[in-house]
Amino acid sequence: MSETAGFPIVAGILSVLFGVLIVAALSIWLERRLLGLLQQRSGPNRVGPLGLLQVVADTVKIFAKENWVPPFADKVVFVLAPPIVIATALASFAVVPLAPGFVVADFNVGLLFFLGMSSLAVYGVALSGWASNSKFSLLGSVRAVGQMVSYEVFMGLSLLGVVAQAGSFSLVDIVNAQKGLWNCVPQALGFAVFFVASLAETRRVPFDLPEAENELVAGYHTEYSGFKFAMFYLGEYVGVTLNSAIIVTLFFGGWSGPFLPPIAWFLVKTVFFIAVFILVRGSLPRPRYDQLISFGWKLMLPLALVNLVATGAIVLATAGPR
Amino acid sequence: MERDAILRELAETFGAERIHAQETADGLPTAWVEPGLLLDLLSYLKTARSGAYPMLYDLTAIDERERSHREGQPPSDFTMVYQLLSFERNEDLRIKVALEGQAPSVPSATCLWPSADFYEREVWDMFGIAFEGRPALRRILMPPWWEGHPLRKEHPARATDMGRFGMSEDEQAAMLEELKFDPVKWQVDGPGPEAGAGTFYINIGPQHPSAHGVLRLVAKLEGEVVVDLYPDIGYHHRGAEKMGERQSWHTYIPYTDRIDYLAGSMNELPYLLAVEKLAGIEVPERALVIRVMMAELFRIISHLVFYGTFSQDVGQMSPVFYMFNDRERAFDIVEAVTGGRMHPGWFRIGGVAMDLPRGWDEMVLAFVKHMRGTLKDYDAAIMRSSLFKARTVGVGALSLGEAVEWGATGPFLRACGLDWDLRKKRPYGGYERFDFDVPTATGGDSYDRLAIHVEEMRQSLRIIEQCVAGMPAGPYKADHPLAVPPPKDRTMRDIETLIDHFLAVSWGPNLPPGEACATVEAAKGQNSYYLVSDGGGMSYRTRIRTPSFAHIQMAPMMARGLTISDLVVILGSVDYVLADVDR
């Protein structure tokens, strides 16, 4: 907090909030264009230059839709569920340092805050499926809960190596600790595990089982439409942006880089990882539910543990007695 | 084996007076038996030690009440027709049963072949013929509230014959209510107690992304595990067989394109082969080769859609776009040759509609070259993807015995290990002149079915190449009075020719009375047209035996005990099209 002393906190929050929403909205455009490129087609290219205003047009359209709640749904929970998804993702950005001194809240437990928030997001998905009172939605949210509980475990564990190296849970400290060498080199294993986990956290292909279009129609948000659907939709992209930002912060030196100003470096790296998320979506098939869960518990969890133990041993050995 | 040997064998076994042979234009051994003998005879044929007929290939009926040319056939109001297939003899056998009266019934064959279930329900639905010794009959293609049996001759064929169709809101609600799943009405629920607390029913379709059309499946789930599956078809039923009875022989051709709508001209082939058998038309060489080329092109087109949508069912979102782009290239050729795209309606009785355009060969060869390259890319992206294999290998596996028992044909059957391709076994329409291999696999699972399809595309490319290299010169249409009207310039000189021309153009040809069935190895399996001509300008009965109908009936058997995700993979691997199921 001290670093933002000269910086009006409300302006900071607003600029991060709007910045994130704009990046998330642009990543929708980026995804549609990139997938188009991958799939021998154009993607949106009519609204505005390069189709950039497509998202705006879609937003206007979706705002104009009827705010409808199915008669068989649990109304209160049905309406409350989508904001949970988007709010938890946005709140996590509070701890992400975008540039030196440019962070809304530099907690000393910032990383735990991020993990906590992403755990809360599952409530949005679980409740939406429950409140929809529809079988496809319920199947989707049951899948989501199982998947996210399993993947949360090693998501946290995969990050402990980074924490051990930096000696702090604060994201600013972690970025500063990468001055000499980015964490992606010593923590390559941790990075790989975290990347898989963040794909699962954002429910993106190949971990999109909760919405698995081909099987569950649209999974947990089958019954949603209009603005409430838009919150799920945007929430997914905020989640992708968040996870890319976290990857950059934890493993790729955050804002650091030559020539360009720090905030630009941070953006470039984040957009790069957003693109990686999109490329993964464009190329992989989806595993079956039991395969997904056993992949998590039988391969990813042991890998995360190995990484943690090895990192711990090396840190202990090199640090010497205190 | 000598032709009609089976008829003699049957006469020796059951007594010559009980087996009544019939001559047909297709030369298929045909025997009439009385209803009492039917099951004994079928069971004898199915289990005979040598030369058995293990597959119930088709089961249908004919309303004979208005048929005038029935020379040499026993009296009958309704005739049941069973077509059995013997791999060993490489021969089909047609068994007919004469039924009298307005509400006839016949013993059910479901005790011998489980696959008879759908067919018997269809015959009940369409003809009102009852079957004894099986679960009560429900309509299958028509809605439950339909009155009358559409393929009976007294049932109107045109909307204008039926009076204005309307529904009040109450009627609509009542009809929707009747469509709701009800285990009692559907007679599907097994013993209740085994259903645990977590068991529930879920409606998959008729609107569902993976139903590939308007297929409705009611799944009984326990968690995500499919305990049982009840298919409900008929949402895509358009009365194609009934339409055959009011379209001239010629004008029915475009309807056939829309049966398996992914394989366009391929559908015209069995229909025309049957018509040509009835009429005794010899098709010129060039026309044969052009037809083969177009049929194989459509096989590739159909397989590409299958390939792309299957990989999408497994969760890959990109390949389908590539496949559809390749399909567009093939359609460019179809368009250049025929002027149409998906449903060109371009084959004609005795040949094709017009000659090939200039430059067709370069287009085709460029396509073949392009496809060879992209098929390699697809192998890398799909066939060799470990995640894809993890989802498909061993899923929906079927033994060869089951496949034969249930009437599976085409890639489905070959994936189970049987080397059975009609193009090789009973070359039709000029296939004997081409050199190609018949791929088989042994697993019988979803992955193998895909592998067969992929290899078949390569073989089709080979055939197409041979068509280009060896395209014979000559006419593209038979010079036969039933195939082409007299030359136009001569009609101006004598009145007889003018009348002939007028009749041939406005009413179409009258085919000699008789029966003929023609079968082809279509994209999805064996597709047959069984035509009965009463000497008129229209078919008396058109029976379309489609592979998808048989295959969709097998879905419950393959999906039981697997998860919903597996069910989607199985459906994707079956390669069905609802238009082909419901006709």
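This dialogue walks through a predicted model with chains A and B.

Mentor: Local features here need pLDDT of at least 70, and side-chain atom pairs count only at pLDDT 80 or more. Residues are numbered from 1 along each chain as its sequence is written.

Trainee: How many residues does each chain bring to the contact?

Mentor: Contact means heavy atoms within 4.5 Å. Chain B gives 32 residues and chain A gives 24.

Trainee: What area do the two chains bury between them?

Mentor: The size of an interface is often given as the accessible area lost when the parts come together. That loss uses a 1.4 Å probe and is summed over both parts. Here it is about 2,500 Å², with 56% on carbon and sulfur atoms. B:Glu224, B:Met317 and B:Leu387 supply 21% of the area that chain B buries against chain A, more than any other three residues.

Trainee: How many salt bridges are there between chain B and chain A?

Mentor: A salt bridge puts a side-chain nitrogen of Lys or Arg within 4 Å of a carboxyl oxygen of Asp or Glu. The count is 2. B:Glu224 and A:Arg143 meet in a salt bridge at 2.4 Å, N to O.

Trainee: In what order do the strands of the open sheet in chain B run?

Mentor: Strands are DSSP runs of E, at least two residues long. Two of them pair if DSSP finds at least two bridges between them. The order is S13-S14-S15, with antiparallel pairing. S13 (514–522) and S15 (539–545) are the edge strands, each pairing on one side only. S14 (525–533) and S15 pair over 6 bridges. One partnership joins B:Ser533 to B:Ser539 in S15.

Notes. Chains lettered and ligands numbered in written order. Heavy atoms only, no water. Helix = DSSP H or I, 4+ residues; strand = E, 2+ residues; numbered from the N terminus.
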